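Student: I've just loaded this one and would like to go through how it is put together. Can we take it piece by piece?

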Amino acid sequence: MQGKEAVVFRGYRGGVAVQVDRDASFGDVVEALRRKLAAAENFFQGGSVRLEMGERDPDQVEARVLRELVRAYGLTVVDDEEDTPGRGTNGRSLQKGAGASASGVRAAGGFSGSAGSGAAGANAAGGSGLSALVGGLYGALGSERSGGEPVGEPCLLVRRTLRSGQRLQFDGSVVILGDVNPGAEVVCTGHVVVMGALRGVVHAGARGDMDARVIALRLQPTQLRIAHLISRPPDEQMPSPSGPEVALVQDERIQIEAYVP
Amino acid sequence: MAGRVIVITSGKGGVGKTTTTANLGAGLASLGRRVCLVDADIGLRNLDVVMGLENRIVYDLVEVVEGHARLRNALIKDKRLDGLYLLPAAQTREKDAVTPEQMRALCQQLAEEFDYVLIDSPAGIEHGFRNAIAGAQEAIIVTTPEVAAVRDADRITGLLEAHEISNPRLIINRLRPQMVRRGDMMDIEDVIEILAIELLGVVPDDESIIVATNRGEPLVMSGTSKAAQAYRNIVKRLEGEEVPFMSLEQDGFMSRLRKLMGIGR
């Protein structure tokens with residue numbers, strides 16, 4: 001751990017843990033936690049975290065305060081002690097298939113809906129279901145590539161259609177079992193797979209990954225972005241796509257091809 | 001048994017929410033139901049005009065909610081149909097004059113006395129919309145078969161789902177079969193493909209609607225046009241009856257000729 005931060009967010013098998021430094025003053029802890037929660041508000045909404053006080057707070061006095069603070073930002077606090085943190089690293093950008101890169105699970109968030117519908121919308125995405133999914137994928141991630149075993153990457157599975165005005169944001173890849181309606185947005189650092197009609201705005205490889213792809217059963221987005229490239233459908237009416245297609249970057253431009261597994 | 005509280009909403013303005021509310025209310029009342037229409041469009045009230053009851057407003061929804069008037073005194077009884085009442089909105093106030101909690105309490109009170117409480121929602125997704133849906137258990141989304149309207153209807157569907165009003169039903173208003181045939185207008189399947197909610201009915205575009213709303217006489221009371229028939233079918237479906245969707249094809253010259261010559265469609 002570099003510096004001596006009062007509060008550190010750590011990704012681990014079950015989700016996200018909030019680790020509180022043993023020696024920091026409680027005032028610093030509260031301030032640091034508030035700052036971090038506010039900075040990552042969209043990512044965290046609806047998810048759950050574990051509070052790790054270490055040896056600091058045997059009577060749970062401080063924990064109670066921190067719980068309220070966490071809840072105020074739309075998160076729930078879970079208590080189970082079945083997993084210990086420290087398996088993954090708090091790394092940086094998502095590397096596709098790069099073995100032990102566990103950084104993608106920095107934020108186990110649901111999706112943020114519009115004002116007034118955030119909480120219910122995030123519940124619909126399934127906060128706890130997300131942790132279970134993330135946990136399962138972590139197993140594959142934890143081990144280094146050895147003997148040709150497949151290495152997975154963090155991925156969010158959403159089992160409903162995204163409606164106009166709904167925005168899905170995730171640090172990792174995204175699979176949607178449903179449609180993405182016009183006016184809806186999907187933004188993620190990895191790939192996007194839509195098992196349905198993609199008619200909204202999609203941004204894959206949002207942190208600059210030019211290898212990111214967008215795959216859809218019907219690829220008809222209003223706008224498609226990969227890394228820093230933006231593309232839109234031609235102005236003339238195009239015939240509906242006849243099958244699954246993939247958008248990817250070739251020669252610095254976004255190309256669309258029929259998807260062949 | 002408490003009545004059904006249904007909000008009629010759309011997102012987009014001008015697609016026919018108020019007209020639909022008036023016609024559904026009148027239609028249900030003519031089947032013998034006790035119906036209360038609630039105009040939730042505070043500041044831009046229209047339901048009273050469309051119902052032809054403007055001149056009889058003494059007290060409005062805001063005054064009831066603020067305690068200046070009794071609900072009983074604010075309700076306007078329609079003289080043309082038994083069991084049909086209107087609670088008008090205020091015209092000189094704004095949407096924030098009422099809170100969602102107040103609307104919820106009001107709707108609960110009304111549901112005890114009426115078989116149906118139909119709430120005419122304002123356009124938009126802000127305070128007025130939230131007030132309108134606060135007391136509702138069911139929703140009817142009205143849209144026209146136009147791209148912009150369908151976008152807004154999709155947004156509204158998402159918001160309704162987030163507020164736990166599930167299974168909203170759809171009315172497609174102002175369909176023009178000739179434009180659909182030419183490919184200039186979305187057809188029913190195009191709309192359903194995006195919205196993916198249950199279709200309650202389709203109302204064809206009809207000049208007589210404009211005449212009716214201007215006169216303050218809901219079409220369903222006396223009209224014979226296809227639009228009036230469509231509204232009557234929707235009313236029956238609301239009551240649980242299975243009514244097949246009307247064919248909206250115009251009887252053009254060629255089809256009349258075909259029929260005359262015994263060559264079917």
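Student: Let's start in the middle of chain B: which residues does Ile6(B) touch, not counting those up to four places away in sequence?
Tutor: Ile6(B) touches Tyr116(B), Leu118(B), Ile119(B), Ala136(B), Glu138(B), Ala139(B) and Ile140(B), where contact means that the C-beta atoms, placed from the backbone, lie within 7 Å. Bear in mind that this is a predicted model, in which local features need pLDDT of at least 70 and side-chain atom pairs count only at pLDDT 80 or more, while totals for chains, interfaces and linings use all residues. Residues are numbered from 1 along each chain as its sequence is written, and chains are lettered from A, ligands numbered from 1, in the order in which they are written.

Student: And which residues have the most contacts inside the largest nonpolar core?
Tutor: They are Ile6(B) itself, Val117(B), Leu118(B), Ile119(B) and Tyr231(B), in a core of 82 residues. A core here is a set of buried Ala, Val, Leu, Ile, Met, Phe, Trp, Tyr and Cys residues joined through C-beta atoms within 7 Å; buried means 20 or more other C-beta atoms within 10 Å of the residue's own, exposed 12 or fewer, and partly exposed in between, again with C-beta atoms placed from the backbone.

Student: Which residues does the second, separate core include?
Tutor: That core has 29 residues, among them Ile176(A), Ala184(A), Val186(A) and Val249(A).

Student: Back to B. In what order do the eight strands of its open sheet come?
Tutor: The order is 3-4-2-5-1-6-7-8, with mixed pairing, and the edges are strand 3 (76–77) and strand 8 (198–204) of chain B, each of which pairs on one side only. Helices (H or I, at least four residues) and strands (E, at least two) are DSSP runs numbered from the N terminus, and two strands pair if DSSP finds at least two bridges between them.

Student: How many bridges join strand 7 of chain B to strand 8 of chain B?
Tutor: Six, between strands that run parallel, strand 7 covering residues 169–175; Asn173(B), for instance, stands opposite Val203(B) in strand 8 of chain B.

Student: Which strands does helix 1 of chain B touch as it packs on the sheet?
Tutor: Helix 1 (residues 17–30) of chain B touches strands 1, 2, 4, 5, 6 and 7 of chain B, and its direction makes about 165° with that of strand 5. Axes are lines fitted to C-alpha atoms, for helices over the stretch in contact, and angles run from 0 to 180 degrees between N-to-C directions. Helix 9 (residues 188–195) of chain B lies across strand 6, strand 7 and strand 8 of that chain, at about 145° to strand 7.

Student: At what angle do the axes of helix 5 and helix 6 of chain B cross?
Tutor: Helix 5 (residues 100–113) and helix 6 (residues 127–134) of chain B cross at roughly 30°, their axes coming within 7 Å, which makes the two roughly parallel, the class for angles under 35 degrees (over 145 is roughly antiparallel, 65 to 115 roughly perpendicular, the rest oblique). The contact is made by Pro100(B), Met103(B) and Arg104(B) of helix 5 and Arg130(B), Asn131(B) and Ala134(B) of helix 6.

Student: Switching to chain A, how far apart are the axes of helix 1 and helix 3?
Tutor: In chain A, the axes of helix 1 (residues 26–39) and helix 3 (residues 61–72) are 11 Å apart, at an angle of about 20°, so this pair is also roughly parallel. Phe26(A), Val30(A), Leu33(A) and Arg34(A) in helix 1 meet Glu62(A), Val65(A), Leu66(A) and Leu69(A) in helix 3.

Student: Arg71(A) is in helix 3 of chain A too; buried or exposed?
Tutor: Arg71(A) is exposed, with 11 other C-beta atoms within 10 Å.

Student: What order do the six strands of the open sheet in chain A follow?
Tutor: They follow 5-7-9-11-14-15, with mixed pairing, and strand 5 (155–158) and strand 15 (253–258) of chain A are the edges. Within the sheet, strand 9 (residues 192–198) and strand 11 (residues 214–219) of chain A pair in the parallel sense over five bridges, and Leu198(A) stands opposite Leu219(A).

Student: Why does strand 15 of chain A lie largely in the open?
Tutor: Because the number buried among its six residues is zero. Strand 15 of chain A runs antiparallel to strand 14 (residues 245–250), joined by six bridges, and the two form a hairpin with two residues between them, where Asp251(A) in the turn has a positive phi of about 55°.

Terms used:
Two residues are in contact if their C-beta atoms, placed from the backbone, lie within 7 Å.
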